[in-house]
Structure formats: structure tokens, C-alpha cells
Amino acid sequence: METAPLQAELKHKISQAGQIVASYKWLIDAYIVDFYEEDHWSKLPASWAAFLADIPIRTLSHLLSFDLPDKELAVWPLAIITLRSLFRFLVHTRTKTPECTKREVALGETHGGTIYRQQTALFKKSVKLKKRHEIEQFAISCFTQPTDNCKTIIDIGSGQGNLARTLAYGFGFKVCCIEQNMSFVQIARQKDSELWQRLIKYDPTLEDTVVHPVHLHEKVNLDQIDSVKFVQMLKRVLNFGRELTSDADEFSFGLVGLHPCGDLAPSLLRLFLACQECRFVKLVCCCYMKLSSIDSSLGISTRECGFPLSEFCHKLHLTLTYEAREIACHAIEQYREKLLTNYSELKVHAYRAAIETIIVRLRPDLRHSGLKGGIKASEVTFEEYCRRAVVDLDLAIADEEFQSEITRQFLDRWEQVVKFYTLRLMFAPLVETIILYDRLLFLLEKGTRAGIDVIFDPFLSPRNHAITAFK
Ligand SMILES: C[S@@+](CC[C@H](N)C(=O)[O-])C[C@H]1O[C@@H](n2cnc3c(N)ncnc32)[C@H](O)[C@@H]1O
């Protein structure tokens with residue numbers, strides 16, 4: 001397949017998106033916890049500040065929905081209208097395309113005979129809704145893709161093995177998991193055994209057909225991937241070559257990663273390219289802020305870093321700050337819903353920014369130490385929120401701080417904080433698109449067939465793009 005037009009489109013979009021991110025660095029890099037400390041509101045262009053001062057919070061939800069046509073009546077500042085229009089063109093969709101949904105419905109029939117389809121309830125037992133959704137969609141995506149009969153899957157960063165169990169017992173893949181955390185490996189083995197006991201109770205004939213997942217306690221190292229040793233290890237643990245099969249020399253496999261954090265994702269792409277036996281790779285990524293990047297202080301050479309990967313982005317000297325990569329990991333659909341329904345909960349941003357000013361005044365060394373989360377601002381007073389949020393810090397806050405005039409003034413401005421934060425969040429899908437397109441371009445530059453599909457519902461699982469490549 002001719003990939004030149006796609007590569008040209010990706011390059012064009014990356015360049016444009018990169019320029020926008022550079023122009024709005026002042027907003028994208030502005031941590032909301034510093035809202036008062038660094039007077040973020042004063043950084044807004046005057047026309048933006050004047051417009052935002054008057055609009056109701058709900059109206060902001062429009063800023064977070066590029067896939068929807070403009071229906072709002074408010075006349076936004078020209079620069080914001082322009083940005084929204086550019087984002088509509090540049091941002092990779094976050095919802096499933098109609099073609100993708102149609103294809104899935106057609107292909108849905110093909111997994112009708114699988115054990116997963118017959119015993120779905122057993123597979124879903126004790127798995128949270130988000131994870132269930134991810135595993136089901138990821139497994140169907142593996143099952144329905146053209147893999148030239150490649151039925152061996154290596155799941156790297158497999159956690160507690162939920163995906164592997166579904167792929168092996170539910171869809172008939174031979175699966176090897178690699179996970180660096182020993183306690184997860186132990187839990188995975190235990191859960192495999194529990195599910196297996198339930199499955200054979202229903203259908204004792206499975207004993208003859210199913211291959212149990214293999215769980216290895218290993219760490220994949222970005223700097224030292226030895227593809228030959230890696231394949232040898234896989235053959236050994238999967239008993240390849242020792243079986244009396246005619247295809248013993250034709251060992252092949254696919255690599256998958258469900259939310260491999262930070263540099264693990266680029267490692268998997270490099271491993272896919274380095275191993276001749278690896279036919280495909282499928283990743284849904286997360287935690288972009290943990291990527292090593294050119295401007296990080298980790299001393300990583302530009303060729304080995306986690307971002308950027310493509311020749312094109314290297315030549316462009318494209319960089320993304322930690323703050324930009326961090327905002328790209330936020331759940332914008334869920335936030336949009338809160339703006340529309342339950343926005344008093346969003347006072348939390350103002351509470352945290354006000355606490356930060358107290359911390360900076362009392363103990364500057366504790367700046368950006370991180371506050372405890374998970375406390376609902378709509379259910380507690382500021383004082384209670386503050387006491388609970390700083391519980392892990394070595395800090396005593398006097399009662400007067402909570403009632404002080406300056407704190408009261410800060411909290412009265414909570415809507416400004418929400419508005420500023422929403423503006424910043426508007427850029428999140430653009431930054432994520434740059435990272436995704438850099439990876440896609442990298443794979444295309446290396447001569448593989450590659451694409452990006454939305455495979456999860458963004459409300460349930462916001463990091464929902466699967467990058468798949470074949471060779
Ligand atoms: C976000 S979790 C995802 C777990 C699992 N795939 C899932 O979706 O439930 C990432 C996992 O990757 C593992 N991991 C991170 N870096 C790794 C490495 N270099 N080698 C092996 N495992 C790694 C972590 O221990 C963690 O369990």
C-alpha cells in the first residue's frame with residue numbers, strides 16, 4: 001500500500017499542531033495549582049478575560065467537543081474560534097468512526113463461536129467496568145484483525161493478566177505475559193487458575209484445546225533490547241521447537257500492550273521492528289508525561305528517547321514539555337460532563353490553588369509537593385478539605401489561614417480557575433495527536449503498514465486510541 005500521501009498528511013498536521021503548541025505554551029504549561037501564585041488570569045488576552053468573565057460555566061463545555069458542530073449562541077473571541085476550527089482539522093477523532101463501527105458489527109459474528117462469547121459473565125467476574133470494556137474491545141480487535149494466522153501474543157506490561165486470560169481462554173490465543181511487578185505476576189497466575197476451574201466445570205472438553213497463559217517476571221529495558229535473546233526466551237518458555245509441529249521453524253508472534261506507561265510504549269514499537277518474527281504490534285498508550293524526551297534532564301541521547309520517535313519530528317526539533325504531555329492524559333469527556341452537570345465539584349481546583357499559596361507562604365520548600373486527592377470539594381468546607389489534603393506533608397496550618405481575607409478572595413474567584421483550566425484542557429487532544437502521529441509516522445517511515453483506531457468509549461477509558469502495525 002502506498003503510504004506517501006498519509007505520511008505527507010501526518011507531517012503537515014504535526015507541523016501545524018507543533019506551531020500551535022509552541023504559541024500557546026504560556027497556557028498549556030500553566031499548572032492550575034499555581035493559578036493564584038503566578039496570577040494565571042492576568043496572562044489571558046484582554047478580550048478572552050472579558051468574554052470569559054461573563055459566560056456561564058456550562059458554556060465552556062463547547063471548548064471540549066471538537067467532533068460536534070458549533071451550536072452555541074455565544075460569540076467567542078476570534079482567536080478561540082480559529083483554534084477550535086484548526087483543532088477540528090488537526091485533532092485525531094476520539095470517537096469511533098461509522099466505518100469502524102460498521103466493520104465491528106460485521107466482524108462481531110466471527111467471534112460468535114468463541115468461549116468468550118459463550119461464557120462472557122465468567123470472564124467479567126470481579127473485573128471493574130472500565131477494565132472489562134478495555135479487555136473486551138482490545139481482545140476483539142486482536143481477534144478480528146488480519147494476522148496471517150499468527151496466534152501467539154506477547155503481552156508486555158501485562159499487570160494482573162486480565163487481558164491475557166481473555167485472549168487465551170476466551171479467544172484461543174497462545175499468550176506469554178511479561179510483567180516487572182512480581183506481586184502482579186503472582187495474582188495473575190492465581191486468577192488464571194480460578195477462571196480455568198470455572199471454565200472447565202462448564203465445558204470439560206476445553207482441557208484438550210486451551211493453552212494456558214505463561215507469566216514471566218521480567219523487565220523490558222528500553223536501552224538494552226536484544227531481539228535475538230528476546231525471541232530465544234519466548235521460544236523457550238512457549239515450548240516452541242519442542243512440539244512435533246510442522247511449523248516449528250516458523251515461530252511468529254504479535255506484541256500487545258494495554259496502557260504501557262511512558263517509555264514502555266516506544267520500547268514495544270522498537271522491539272516489534274527489531275524482531276523479524278514479530279508480525280504485528282498493537283498498543284493503547286497512556287502516561288505520556290513519563291516519556292523521556294529530548295529536553296529532559298535524564299541524559300538520554302536524542303535517538304533513544306521516548307518522544308519524538310520519527311525522523312521527521314527529530315529533524316523538526318519538536319519537543320513537548322512535561323506539562324503538555326501531562327495535560328494530554330486528562331479525561332476530557334468526563335470533565336465536559338462535569339461542566340454540564342455537576343460543576344460545583346470543580347471548586348476543587350480553586351481549593352487546591354489556594355492551599356498552594358498557603359504552603360508557599362509557610363513552607364516554600366514544599367511547593368509542588370502534591371496534595372492528597374479524592375476529596376470532594378462540594379461535600380466539605382475549605383478548612384476540612386485543606387486539613388485532609390495536606391495530611392501527608394510535614395505542615396501545620398493555623399486556623400486564621402482558612403478565614404483570612406486573601407483566602408476568602410481567592411475562593412470567591414473559583415469560577416475563574418475552572419475557566420482557565422478548561423481553556424488549558426482544550427489543548428489536550430492536540431498534544432495527544434502529536435504524540436500519536438509521531439508514533440504512526442515512525443512506523444510508516446520504517447516501512448510497516450500502520451494505523452490508528454479508536455477502540456474504547458472515551459467516557460469509560462479516555463486513552464482510547466490503538467496503534468496497530470503489521471509487517
Ligand atoms: C498501566 S499498567 C497496565 C497493566 C495492564 N496491561 C492492564 O491494562 O491492566 C502498566 C504495567 O506495565 C508494567 N511495566 C512497566 N514498565 C515495564 C517494563 N519495562 N517491563 C515490564 N513491565 C513493565 C507495570 O508494572 C504495570 O503493571
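**Close-up 1. Ile154 and its bridge partner in strand β2.** In this predicted model, the residue of β2 that serves as the bridge partner of Ile154 is Cys176. The strands concerned are β1, which covers residues 152–156, and β2, which covers residues 174–179, and the two pair in the parallel sense over five bridges.

**Close-up 2. The open sheet and its edges.** Seven strands make up an open sheet with mixed pairing, and reading across the sheet gives the order β3-β2-β1-β4-β5-β7-β6. The edges are held by β3 (214–217) and β6 (449–454), and because each of these strands has a single partner strand, one side of each is left without a neighbour in the sheet. From one strand to the next, the twist averages 15°.

**Close-up 3. A helix lying across two strands.** Helix α10, made of residues 182–202, lies across β2 and β3, and its direction is at about 165° to that of β3. In the order of the sheet, β3-β2-β1-β4-β5-β7-β6, the strands β3 and β2 stand next to each other.

**Close-up 4. The shell around the ligand.** There are 17 residues around the ligand, and those that come nearest are Gly157, Gly159, Gln180, Val220 and Leu258. Two elements, β2 and β4 (253–261), give two or more residues to this shell, and β4 gives the most, with four residues. When the residues of the shell are sorted by class, eight are nonpolar, seven are polar and two are charged.

**Close-up 5. The two domains of the chain.** The domain assignment divides the chain into domain 1, with the segments 2–66, 75–94 and 328–427, and domain 2, with the segments 112–319 and 433–470. The centres of domain 1 and domain 2, taken over C-alpha atoms, are separated by 34 Å. In the contact, 22 residues come from domain 1 and 24 residues come from domain 2.

**Close-up 6. The side of domain 1 that touches domain 2.** On the side of domain 1 that touches domain 2, the elements that give two or more residues are the helices α1 (4–23) and α15 (332–341). The largest share comes from α1, which gives 10 residues to this side of domain 1. By class, the side of domain 1 that touches domain 2 consists of 11 nonpolar, seven polar and four charged residues.

Notes:
Residues are numbered from 1 along each chain as its sequence is written. This is a predicted model: local features need pLDDT of at least 70, side-chain atom pairs count only at pLDDT 80 or more; totals for chains, interfaces and linings use all residues. Two strands pair if DSSP finds at least two bridges between them. Axes are lines fitted to C-alpha atoms, for helices over the stretch in contact, and angles run from 0 to 180 degrees between N-to-C directions. Two residues are in contact if their C-beta atoms, placed from the backbone, lie within 7 Å. A residue is near a molecule or strand if its C-beta atom, placed from the backbone, lies within 6 Å of it. Ala, Val, Leu, Ile, Met, Phe, Trp, Tyr, Cys and Pro count as nonpolar, Asp, Glu, Lys and Arg as charged, and the others, Gly among them, as polar. Domain bounds come from an automatic or database domain assignment.
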